[in-house]
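Here is a short report on one helix and its packing, followed by some salt bridges. Have the model open as you read.

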Amino acid sequence: MRENLQFYIGGRWVEPAELNIRDVENPATEQVCGKVALGSSADVDAAVGAARSAFASWSQTSRDERLDVLQRILAEYQKRADDLAAAITEEMGAPAALAAGPQVGLGLGHLNTAIEVLKAYVFEQQRGATLIVKEPIGVCGLITPWNWPMNQVAVKVFPALATGCTMVLKPSEIAPFSAQIFAEILDAAAVPAGVFNLVQGDGPGVGVALAGHPDVDMISFTGSTRAGVEIARNAAPTVKRVTQELGGKGPNIILDDSAFAAGVNAGVANMMSNSGQSCSAPTRMLVPNARMAEAAEIARDAAEKLTVGDPTTDVALGPVVSGAQFDKIQSLIQKGIDEGATLVTGGTGRPDGLEIGYYVKPTVFANVTNDMTIAREEIFGPVLSILGYDNLDQAVEIANDTDYGLAGYVAGNDLEEARAVARRLRSGWVVINDGFDFSAGFGGYKKSGNGREWGEFGFEEYLETKAILGFGPDPAG
(Lines give C-alpha, C1' and ligand atoms only; values in the text may rest on other atoms or scores of the structure.)
Protein backbone atom coordinates (compact mmCIF):
# COMPACT_ATOMS: atom_id res chain seq x y z
CA MET A 1 0.00 0.00 0.00
CA ARG A 2 1.56 3.27 -1.14
CA GLU A 3 1.13 6.34 1.03
CA ASN A 4 2.09 9.67 -0.52
CA LEU A 5 1.13 12.00 2.32
CA GLN A 6 3.84 14.63 2.02
CA PHE A 7 4.60 17.35 -0.51
CA TYR A 8 7.99 18.41 -1.83
CA ILE A 9 8.39 22.13 -1.12
CA GLY A 10 11.56 24.16 -0.81
CA GLY A 11 13.82 21.13 -1.15
CA ARG A 12 12.17 19.21 1.72
CA TRP A 13 9.38 16.72 2.20
CA VAL A 14 6.77 18.54 4.26
CA GLU A 15 3.39 17.83 5.82
CA PRO A 16 0.31 19.37 4.20
CA ALA A 17 -1.12 22.47 5.83
CA GLU A 18 -4.18 20.36 6.60
CA LEU A 19 -4.26 16.60 6.06
CA ASN A 20 -6.94 15.57 3.56
CA ILE A 21 -6.48 12.03 2.26
CA ARG A 22 -7.79 10.52 -0.98
CA ASP A 23 -7.79 6.81 -1.74
CA VAL A 24 -6.11 5.79 -4.99
CA GLU A 25 -7.72 2.91 -6.84
CA ASN A 26 -5.97 0.28 -8.92
CA PRO A 27 -8.17 0.14 -12.06
CA ALA A 28 -7.27 -3.51 -12.69
CA THR A 29 -8.54 -4.70 -9.31
CA GLU A 30 -10.97 -1.93 -8.32
CA GLN A 31 -9.24 -2.01 -4.94
CA VAL A 32 -7.55 0.78 -3.02
CA CYS A 33 -3.81 0.53 -3.68
CA GLY A 34 -2.64 3.65 -1.89
CA LYS A 35 -3.40 7.03 -0.42
CA VAL A 36 -2.44 10.54 -1.42
CA ALA A 37 -2.73 13.81 0.45
CA LEU A 38 -4.75 16.49 -1.31
CA GLY A 39 -3.28 19.96 -1.08
CA SER A 40 -4.98 23.29 -0.51
CA SER A 41 -4.41 26.94 -1.33
CA ALA A 42 -2.16 27.16 1.76
CA ASP A 43 0.11 24.46 0.32
CA VAL A 44 0.14 26.25 -3.03
CA ASP A 45 1.12 29.48 -1.28
CA ALA A 46 4.04 27.71 0.40
CA ALA A 47 5.21 26.07 -2.83
CA VAL A 48 4.89 29.25 -4.90
CA GLY A 49 6.75 31.16 -2.20
CA ALA A 50 9.59 28.65 -2.33
CA ALA A 51 9.69 28.84 -6.13
CA ARG A 52 9.67 32.65 -6.05
CA SER A 53 12.55 32.74 -3.58
CA ALA A 54 14.58 30.31 -5.67
CA PHE A 55 13.97 32.13 -8.93
CA ALA A 56 16.36 34.98 -8.19
CA SER A 57 19.37 32.67 -8.16
CA TRP A 58 18.24 29.87 -10.50
CA SER A 59 17.33 32.31 -13.27
CA GLN A 60 20.92 33.60 -13.22
CA THR A 61 22.61 30.21 -13.53
CA SER A 62 24.73 29.50 -16.55
CA ARG A 63 23.96 27.06 -19.34
CA ASP A 64 26.62 24.72 -17.99
CA GLU A 65 25.19 24.81 -14.46
CA ARG A 66 21.74 23.84 -15.73
CA LEU A 67 23.21 21.14 -17.96
CA ASP A 68 24.95 19.66 -14.91
CA VAL A 69 21.63 19.50 -13.06
CA LEU A 70 19.86 17.86 -16.03
CA GLN A 71 22.65 15.30 -16.35
CA ARG A 72 22.32 14.43 -12.66
CA ILE A 73 18.57 14.01 -13.13
CA LEU A 74 19.23 11.73 -16.11
CA ALA A 75 21.39 9.44 -13.98
CA GLU A 76 18.78 9.27 -11.20
CA TYR A 77 15.89 8.79 -13.66
CA GLN A 78 17.61 5.78 -15.15
CA LYS A 79 18.12 4.30 -11.68
CA ARG A 80 14.41 4.59 -10.91
CA ALA A 81 13.00 3.50 -14.28
CA ASP A 82 11.65 0.20 -12.93
CA ASP A 83 10.02 1.95 -9.97
CA LEU A 84 8.35 4.45 -12.29
CA ALA A 85 7.05 1.68 -14.55
CA ALA A 86 5.58 -0.30 -11.65
CA ALA A 87 3.86 2.80 -10.31
CA ILE A 88 2.34 3.65 -13.69
CA THR A 89 0.97 0.13 -14.09
CA GLU A 90 -0.57 0.27 -10.64
CA GLU A 91 -2.01 3.77 -10.77
CA MET A 92 -3.48 3.89 -14.29
CA GLY A 93 -3.40 0.34 -15.61
CA ALA A 94 -0.77 0.56 -18.33
CA PRO A 95 0.42 -2.93 -19.31
CA ALA A 96 3.89 -3.71 -17.98
CA ALA A 97 5.57 -3.57 -21.38
CA LEU A 98 3.92 -0.25 -22.21
CA ALA A 99 4.80 1.19 -18.81
CA ALA A 100 8.45 0.11 -18.94
CA GLY A 101 8.69 1.05 -22.61
CA PRO A 102 6.93 4.14 -23.99
CA GLN A 103 5.46 5.41 -20.70
CA VAL A 104 8.84 5.70 -18.94
CA GLY A 105 10.84 5.94 -22.17
CA LEU A 106 9.09 9.08 -23.40
CA GLY A 107 10.09 10.89 -20.22
CA LEU A 108 13.67 9.80 -20.76
CA GLY A 109 13.54 10.85 -24.40
CA HIS A 110 12.31 14.34 -23.50
CA LEU A 111 15.05 14.67 -20.89
CA ASN A 112 17.74 13.77 -23.41
CA THR A 113 16.16 16.15 -25.92
CA ALA A 114 16.15 19.01 -23.41
CA ILE A 115 19.82 18.43 -22.73
CA GLU A 116 20.69 18.54 -26.44
CA VAL A 117 18.53 21.61 -27.09
CA LEU A 118 20.04 23.46 -24.13
CA LYS A 119 23.57 22.84 -25.37
CA ALA A 120 22.95 24.93 -28.49
CA TYR A 121 19.99 27.17 -27.64
CA VAL A 122 20.54 30.85 -28.49
CA PHE A 123 19.48 32.94 -25.49
CA GLU A 124 21.09 36.18 -26.72
CA GLN A 125 21.50 37.64 -30.19
CA GLN A 126 22.80 41.06 -31.17
CA ARG A 127 21.15 42.81 -34.13
CA GLY A 128 23.03 45.98 -34.87
CA ALA A 129 22.91 48.12 -31.73
CA THR A 130 20.05 46.07 -30.25
CA LEU A 131 20.48 43.01 -28.05
CA ILE A 132 17.67 40.43 -28.12
CA VAL A 133 17.61 38.42 -24.89
CA LYS A 134 15.41 35.45 -24.03
CA GLU A 135 14.93 35.24 -20.28
CA PRO A 136 13.07 32.75 -18.06
CA ILE A 137 9.46 33.78 -17.56
CA GLY A 138 9.49 33.12 -13.80
CA VAL A 139 7.47 30.83 -11.56
CA CYS A 140 5.51 28.22 -13.54
CA GLY A 141 2.47 26.22 -12.48
CA LEU A 142 2.52 22.83 -14.21
CA ILE A 143 -0.69 20.79 -14.22
CA THR A 144 -0.46 17.31 -15.73
CA PRO A 145 -2.89 14.45 -16.50
CA TRP A 146 -2.97 10.74 -15.66
CA ASN A 147 -2.85 9.11 -19.09
CA TRP A 148 0.85 9.56 -19.97
CA PRO A 149 2.16 10.70 -16.60
CA MET A 150 5.90 10.77 -17.24
CA ASN A 151 5.59 12.12 -20.76
CA GLN A 152 3.49 15.05 -19.60
CA VAL A 153 5.62 15.81 -16.56
CA ALA A 154 8.79 15.64 -18.67
CA VAL A 155 7.66 18.00 -21.43
CA LYS A 156 6.94 20.66 -18.82
CA VAL A 157 9.53 20.22 -16.07
CA PHE A 158 12.65 19.74 -18.21
CA PRO A 159 12.20 22.77 -20.51
CA ALA A 160 11.30 24.87 -17.46
CA LEU A 161 14.47 23.78 -15.68
CA ALA A 162 16.60 24.22 -18.80
CA THR A 163 15.44 27.80 -19.37
CA GLY A 164 15.97 28.91 -15.77
CA CYS A 165 12.41 28.85 -14.48
CA THR A 166 11.21 27.59 -11.13
CA MET A 167 8.02 25.62 -10.76
CA VAL A 168 5.19 23.97 -8.87
CA LEU A 169 3.94 20.66 -10.27
CA LYS A 170 0.41 19.41 -9.68
CA PRO A 171 -0.01 15.91 -11.12
CA SER A 172 -3.33 14.12 -11.43
CA GLU A 173 -4.75 12.92 -8.12
CA ILE A 174 -5.97 9.83 -9.98
CA ALA A 175 -2.42 8.71 -10.80
CA PRO A 176 -0.11 10.39 -8.27
CA PHE A 177 2.48 7.71 -7.52
CA SER A 178 4.82 8.19 -10.47
CA ALA A 179 4.99 11.93 -9.89
CA GLN A 180 5.98 11.33 -6.28
CA ILE A 181 8.83 9.12 -7.48
CA PHE A 182 9.75 11.82 -9.99
CA ALA A 183 10.08 14.30 -7.14
CA GLU A 184 12.33 11.80 -5.33
CA ILE A 185 14.47 11.63 -8.46
CA LEU A 186 14.92 15.42 -8.56
CA ASP A 187 15.66 15.46 -4.83
CA ALA A 188 18.33 12.78 -5.27
CA ALA A 189 19.79 14.79 -8.17
CA ALA A 190 20.26 17.76 -5.82
CA VAL A 191 18.11 20.18 -7.79
CA PRO A 192 18.50 23.42 -5.78
CA ALA A 193 15.88 23.94 -3.08
CA GLY A 194 12.72 25.65 -4.30
CA VAL A 195 13.44 25.25 -8.00
CA PHE A 196 11.10 22.25 -8.27
CA ASN A 197 8.12 21.83 -5.95
CA LEU A 198 5.38 19.17 -5.88
CA VAL A 199 1.91 19.64 -4.43
CA GLN A 200 -0.50 16.76 -4.91
CA GLY A 201 -4.18 17.56 -5.16
CA ASP A 202 -7.27 17.99 -7.26
CA GLY A 203 -8.42 20.77 -9.54
CA PRO A 204 -10.62 22.68 -7.08
CA GLY A 205 -8.09 22.47 -4.24
CA VAL A 206 -4.78 23.03 -6.05
CA GLY A 207 -5.37 23.68 -9.76
CA VAL A 208 -7.59 26.71 -9.19
CA ALA A 209 -5.18 28.14 -6.60
CA LEU A 210 -2.21 27.73 -8.97
CA ALA A 211 -4.01 29.21 -11.97
CA GLY A 212 -5.10 32.30 -10.08
CA HIS A 213 -2.01 32.82 -7.93
CA PRO A 214 -0.57 36.33 -8.36
CA ASP A 215 3.03 35.10 -7.97
CA VAL A 216 2.72 32.47 -10.72
CA ASP A 217 3.88 33.87 -14.06
CA MET A 218 2.84 31.04 -16.34
CA ILE A 219 0.50 28.03 -16.34
CA SER A 220 1.12 24.98 -18.51
CA PHE A 221 -1.89 22.67 -18.50
CA THR A 222 -2.61 19.35 -20.16
CA GLY A 223 -6.09 17.88 -19.85
CA SER A 224 -9.63 18.22 -21.12
CA THR A 225 -10.85 21.20 -23.11
CA ARG A 226 -13.49 21.86 -20.46
CA ALA A 227 -10.90 22.07 -17.71
CA GLY A 228 -8.61 24.13 -19.94
CA VAL A 229 -11.30 26.78 -20.34
CA GLU A 230 -11.63 27.02 -16.54
CA ILE A 231 -7.85 27.28 -16.14
CA ALA A 232 -7.78 30.17 -18.59
CA ARG A 233 -10.63 31.93 -16.80
CA ASN A 234 -8.90 31.61 -13.45
CA ALA A 235 -5.61 32.85 -14.92
CA ALA A 236 -7.09 35.84 -16.76
CA PRO A 237 -7.28 38.34 -13.84
CA THR A 238 -3.52 38.08 -13.28
CA VAL A 239 -2.74 38.18 -17.03
CA LYS A 240 -0.35 35.26 -16.80
CA ARG A 241 0.74 33.24 -19.79
CA VAL A 242 -1.36 30.11 -20.30
CA THR A 243 -0.34 27.23 -22.57
CA GLN A 244 -2.69 24.32 -23.02
CA GLU A 245 -2.59 20.89 -24.60
CA LEU A 246 -6.20 19.77 -24.62
CA GLY A 247 -8.48 17.24 -26.30
CA GLY A 248 -8.33 15.69 -29.73
CA LYS A 249 -10.33 13.76 -32.29
CA GLY A 250 -7.56 12.76 -34.65
CA PRO A 251 -8.37 11.94 -38.29
CA ASN A 252 -6.40 9.19 -39.99
CA ILE A 253 -6.70 9.32 -43.78
CA ILE A 254 -5.89 5.96 -45.37
CA LEU A 255 -4.96 6.49 -49.01
CA ASP A 256 -6.39 4.22 -51.70
CA ASP A 257 -3.26 2.36 -52.70
CA SER A 258 -1.37 -0.90 -52.24
CA ALA A 259 -0.48 -0.03 -48.61
CA PHE A 260 -4.16 0.15 -47.66
CA ALA A 261 -4.25 -2.97 -45.48
CA ALA A 262 -1.04 -2.02 -43.70
CA GLY A 263 -2.42 1.46 -43.06
CA VAL A 264 -5.63 0.13 -41.53
CA ASN A 265 -3.74 -2.35 -39.36
CA ALA A 266 -1.33 0.31 -38.13
CA GLY A 267 -4.20 2.70 -37.49
CA VAL A 268 -5.97 0.19 -35.26
CA ALA A 269 -2.82 -0.57 -33.28
CA ASN A 270 -2.00 3.12 -32.82
CA MET A 271 -5.52 4.03 -31.80
CA MET A 272 -5.95 1.19 -29.31
CA SER A 273 -2.57 1.68 -27.61
CA ASN A 274 -2.82 2.80 -23.96
CA SER A 275 -6.44 1.60 -24.11
CA GLY A 276 -7.24 4.53 -26.37
CA GLN A 277 -6.41 7.01 -23.62
CA SER A 278 -4.35 9.40 -25.71
CA CYS A 279 -5.43 12.86 -26.82
CA SER A 280 -3.43 12.37 -30.02
CA ALA A 281 -5.00 9.00 -30.87
CA PRO A 282 -6.18 8.53 -34.50
CA THR A 283 -9.78 7.88 -33.48
CA ARG A 284 -11.44 8.71 -36.83
CA MET A 285 -10.19 6.47 -39.64
CA LEU A 286 -11.12 7.77 -43.09
CA VAL A 287 -11.18 5.22 -45.92
CA PRO A 288 -12.54 5.22 -49.49
CA ASN A 289 -16.25 4.40 -49.44
CA ALA A 290 -15.62 1.70 -52.03
CA ARG A 291 -13.30 -0.05 -49.55
CA MET A 292 -15.38 0.42 -46.38
CA ALA A 293 -16.25 -3.29 -46.08
CA GLU A 294 -12.61 -4.26 -46.64
CA ALA A 295 -11.42 -1.75 -44.02
CA ALA A 296 -14.00 -2.99 -41.52
CA GLU A 297 -12.83 -6.59 -41.96
CA ILE A 298 -9.17 -5.70 -41.56
CA ALA A 299 -9.89 -3.53 -38.51
CA ARG A 300 -12.04 -6.24 -36.94
CA ASP A 301 -9.29 -8.83 -37.29
CA ALA A 302 -6.69 -6.42 -35.88
CA ALA A 303 -8.85 -5.44 -32.92
CA GLU A 304 -9.83 -9.01 -32.08
CA LYS A 305 -6.18 -10.05 -31.93
CA LEU A 306 -5.53 -7.56 -29.13
CA THR A 307 -5.28 -9.22 -25.74
CA VAL A 308 -6.97 -7.48 -22.82
CA GLY A 309 -6.33 -8.28 -19.18
CA ASP A 310 -4.16 -8.01 -16.10
CA PRO A 311 -1.63 -5.26 -16.88
CA THR A 312 1.09 -6.99 -14.87
CA THR A 313 1.07 -9.76 -17.48
CA ASP A 314 1.92 -9.84 -21.18
CA VAL A 315 -1.21 -8.20 -22.62
CA ALA A 316 -1.76 -5.49 -25.23
CA LEU A 317 -4.41 -3.54 -23.33
CA GLY A 318 -5.06 -3.03 -19.65
CA PRO A 319 -8.07 -1.37 -18.05
CA VAL A 320 -9.10 2.23 -18.50
CA VAL A 321 -8.21 4.43 -15.58
CA SER A 322 -11.38 4.59 -13.50
CA GLY A 323 -15.00 3.63 -13.08
CA ALA A 324 -16.09 7.06 -14.23
CA GLN A 325 -14.04 6.70 -17.41
CA PHE A 326 -15.41 3.19 -17.97
CA ASP A 327 -19.00 4.44 -17.63
CA LYS A 328 -18.40 7.33 -20.05
CA ILE A 329 -16.95 4.99 -22.67
CA GLN A 330 -19.82 2.52 -22.30
CA SER A 331 -22.32 5.33 -22.76
CA LEU A 332 -20.61 6.53 -25.95
CA ILE A 333 -20.39 3.01 -27.38
CA GLN A 334 -24.13 2.66 -26.82
CA LYS A 335 -24.65 6.07 -28.44
CA GLY A 336 -22.80 4.83 -31.53
CA ILE A 337 -25.10 1.82 -31.74
CA ASP A 338 -28.21 3.94 -31.18
CA GLU A 339 -27.21 6.47 -33.85
CA GLY A 340 -26.85 3.78 -36.51
CA ALA A 341 -23.14 3.14 -36.86
CA THR A 342 -22.23 -0.44 -37.78
CA LEU A 343 -20.74 -2.24 -34.78
CA VAL A 344 -17.95 -4.33 -36.31
CA THR A 345 -16.53 -5.78 -33.10
CA GLY A 346 -16.51 -5.08 -29.39
CA GLY A 347 -19.44 -3.20 -27.91
CA THR A 348 -20.67 -2.57 -24.41
CA GLY A 349 -19.66 -4.53 -21.33
CA ARG A 350 -16.39 -6.06 -20.24
CA PRO A 351 -14.47 -8.59 -22.35
CA ASP A 352 -15.35 -12.21 -21.60
CA GLY A 353 -13.74 -13.56 -18.44
CA LEU A 354 -12.98 -10.15 -16.95
CA GLU A 355 -15.54 -9.44 -14.27
CA ILE A 356 -13.36 -7.20 -12.11
CA GLY A 357 -11.44 -4.19 -13.40
CA TYR A 358 -12.36 -1.37 -15.76
CA TYR A 359 -11.71 -3.33 -18.93
CA VAL A 360 -13.26 -2.19 -22.21
CA LYS A 361 -13.70 -4.33 -25.31
CA PRO A 362 -11.61 -3.09 -28.24
CA THR A 363 -14.44 -1.66 -30.32
CA VAL A 364 -14.67 -0.79 -34.00
CA PHE A 365 -17.53 1.03 -35.71
CA ALA A 366 -17.88 1.27 -39.49
CA ASN A 367 -20.14 3.43 -41.68
CA VAL A 368 -19.78 6.29 -39.23
CA THR A 369 -20.78 9.75 -40.39
CA ASN A 370 -19.11 12.84 -39.07
CA ASP A 371 -22.27 14.15 -37.43
CA MET A 372 -22.52 11.13 -35.10
CA THR A 373 -21.60 11.59 -31.46
CA ILE A 374 -18.77 9.03 -31.65
CA ALA A 375 -17.21 11.09 -34.45
CA ARG A 376 -17.55 14.41 -32.59
CA GLU A 377 -16.75 13.69 -28.93
CA GLU A 378 -13.44 12.55 -27.48
CA ILE A 379 -14.17 9.05 -26.15
CA PHE A 380 -10.75 8.40 -24.57
CA GLY A 381 -11.14 4.65 -24.79
CA PRO A 382 -10.36 1.83 -27.27
CA VAL A 383 -13.12 2.82 -29.70
CA LEU A 384 -12.38 3.38 -33.39
CA SER A 385 -14.76 5.05 -35.85
CA ILE A 386 -14.35 4.34 -39.56
CA LEU A 387 -15.75 6.99 -41.92
CA GLY A 388 -15.95 6.91 -45.69
CA TYR A 389 -14.84 9.40 -48.35
CA ASP A 390 -15.36 9.58 -52.12
CA ASN A 391 -12.23 11.60 -52.95
CA LEU A 392 -9.33 13.22 -51.12
CA ASP A 393 -10.92 16.66 -51.14
CA GLN A 394 -13.86 15.20 -49.23
CA ALA A 395 -11.50 13.29 -46.92
CA VAL A 396 -9.70 16.50 -45.98
CA GLU A 397 -13.00 18.31 -45.50
CA ILE A 398 -14.26 15.59 -43.14
CA ALA A 399 -10.93 15.45 -41.32
CA ASN A 400 -11.00 19.19 -40.63
CA ASP A 401 -14.70 19.23 -39.70
CA THR A 402 -14.08 19.03 -35.95
CA ASP A 403 -13.70 21.33 -32.98
CA TYR A 404 -10.26 19.82 -32.39
CA GLY A 405 -6.93 20.05 -34.15
CA LEU A 406 -4.28 18.26 -32.12
CA ALA A 407 -3.06 15.39 -34.29
CA GLY A 408 -3.76 14.10 -37.77
CA TYR A 409 -2.46 11.09 -39.69
CA VAL A 410 -1.98 10.07 -43.30
CA ALA A 411 -1.10 6.53 -44.38
CA GLY A 412 -0.06 5.39 -47.86
CA ASN A 413 2.89 4.53 -50.08
CA ASP A 414 2.53 7.55 -52.40
CA LEU A 415 4.67 9.97 -50.41
CA GLU A 416 3.94 12.99 -52.61
CA GLU A 417 0.20 12.47 -52.25
CA ALA A 418 0.54 11.90 -48.51
CA ARG A 419 2.56 15.11 -48.16
CA ALA A 420 -0.05 17.08 -50.05
CA VAL A 421 -2.84 15.77 -47.82
CA ALA A 422 -0.79 16.38 -44.66
CA ARG A 423 -0.31 20.04 -45.58
CA ARG A 424 -4.08 20.51 -45.75
CA LEU A 425 -4.91 19.08 -42.33
CA ARG A 426 -5.71 21.68 -39.67
CA SER A 427 -3.74 19.97 -36.92
CA GLY A 428 -0.66 20.98 -34.97
CA TRP A 429 0.91 17.54 -35.39
CA VAL A 430 0.54 15.49 -38.58
CA VAL A 431 2.12 12.05 -38.91
CA ILE A 432 2.81 10.45 -42.29
CA ASN A 433 2.96 6.68 -41.88
CA ASP A 434 5.11 5.97 -38.81
CA GLY A 435 7.00 9.26 -38.47
CA PHE A 436 8.24 10.27 -35.00
CA ASP A 437 10.48 13.08 -33.76
CA PHE A 438 11.22 14.19 -30.17
CA SER A 439 12.20 17.61 -31.51
CA ALA A 440 8.93 18.26 -33.38
CA GLY A 441 6.59 20.80 -31.83
CA PHE A 442 3.52 19.18 -30.26
CA GLY A 443 0.31 21.11 -29.69
CA GLY A 444 -3.03 21.91 -31.17
CA TYR A 445 -5.21 24.16 -33.28
CA LYS A 446 -8.72 25.26 -32.31
CA LYS A 447 -10.09 23.70 -29.10
CA SER A 448 -7.06 21.43 -28.82
CA GLY A 449 -5.19 24.26 -27.14
CA ASN A 450 -2.42 26.76 -27.72
CA GLY A 451 1.35 26.78 -27.42
CA ARG A 452 3.76 23.98 -28.21
CA GLU A 453 5.75 21.38 -26.32
CA TRP A 454 8.66 19.08 -27.31
CA GLY A 455 12.14 20.16 -28.38
CA GLU A 456 13.11 23.80 -28.85
CA PHE A 457 9.44 24.71 -29.28
CA GLY A 458 8.84 23.73 -25.68
CA PHE A 459 11.65 26.02 -24.54
CA GLU A 460 9.97 29.04 -26.13
CA GLU A 461 6.92 28.76 -23.88
CA TYR A 462 9.05 29.34 -20.77
CA LEU A 463 10.90 32.39 -22.06
CA GLU A 464 10.21 36.11 -22.31
CA THR A 465 11.83 38.16 -25.09
CA LYS A 466 13.61 41.36 -24.06
CA ALA A 467 14.97 43.89 -26.56
CA ILE A 468 17.76 46.12 -25.23
CA LEU A 469 18.00 49.07 -27.63
CA GLY A 470 21.19 51.09 -27.82
CA PHE A 471 23.12 48.20 -26.31
CA GLY A 472 26.13 49.03 -28.40
CA PRO A 473 27.69 48.70 -31.83
CA ASP A 474 27.53 45.38 -33.61
CA PRO A 475 30.83 43.65 -32.78
CA ALA A 476 30.96 42.30 -36.32
CA GLY A 477 30.32 45.69 -37.91
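## What packs over helix α9

The cover over the buried residues of α9 includes β13 (251-254), β14 (284-288), α10 (292-304), β16 (363-368), β17 (383-389) and β19 (407-411), with contact taken as heavy atoms within 4.5 Å. Helices (DSSP H or I, at least four residues) and strands (E, at least two) are DSSP runs, numbered from the N terminus.

Keep in mind that this is a predicted model: local features need pLDDT of at least 70, side-chain atom pairs count only at pLDDT 80 or more, and totals for chains, interfaces and linings use all residues. Residues are numbered from 1 along each chain as its sequence is written, and side-chain values use heavy atoms, with hydrogens and water left out.

## The buried side of α9

Which residues of α9 are buried? They are F260, G263, V264, G267, V268, M271 and M272. Buried means under 20% relative accessible area, exposed means over 50%, and partly exposed is in between (1.4 Å probe, protein chains only). These buried residues sit on the same side of α9, because they cover an arc of only 150 degrees around the axis, the arc being that of the directions from the helix axis to the C-beta atoms. An α-helix has 3.6 residues a turn, so residues three or four places apart point the same way.

The length of α9 (residues 260-272) checks out too: at 1.5 Å a residue, its 13 residues should span 18 Å, and the end C-alpha atoms are 18 Å apart. That expected span is 1.5 Å times one less than the number of residues. Just after α9, N274 takes a positive phi of about 60 degrees.

## Salt bridges along the chain

Elsewhere, there are 20 salt bridges in the structure, each a side-chain nitrogen of Lys or Arg within 4 Å of a carboxyl oxygen of Asp or Glu. One of them pairs R2 with E90, with the closest N and O atoms 2.5 Å apart. That pair ties strand β1 (residues 2-4), home of R2, to helix α3 (residues 81-92), home of E90, across 88 residues. R2 is partly exposed at 27%, and E90 is partly exposed at 22%.

R52 and D217 form another, at 2.7 Å between the closest N and O atoms. Here R52 lies in helix α1 (residues 41-58) and D217 in the loop between α7 (203-212) and β11 (218-222), 165 residues apart. There's also a network of salt bridges linking R80, D83 and E184.
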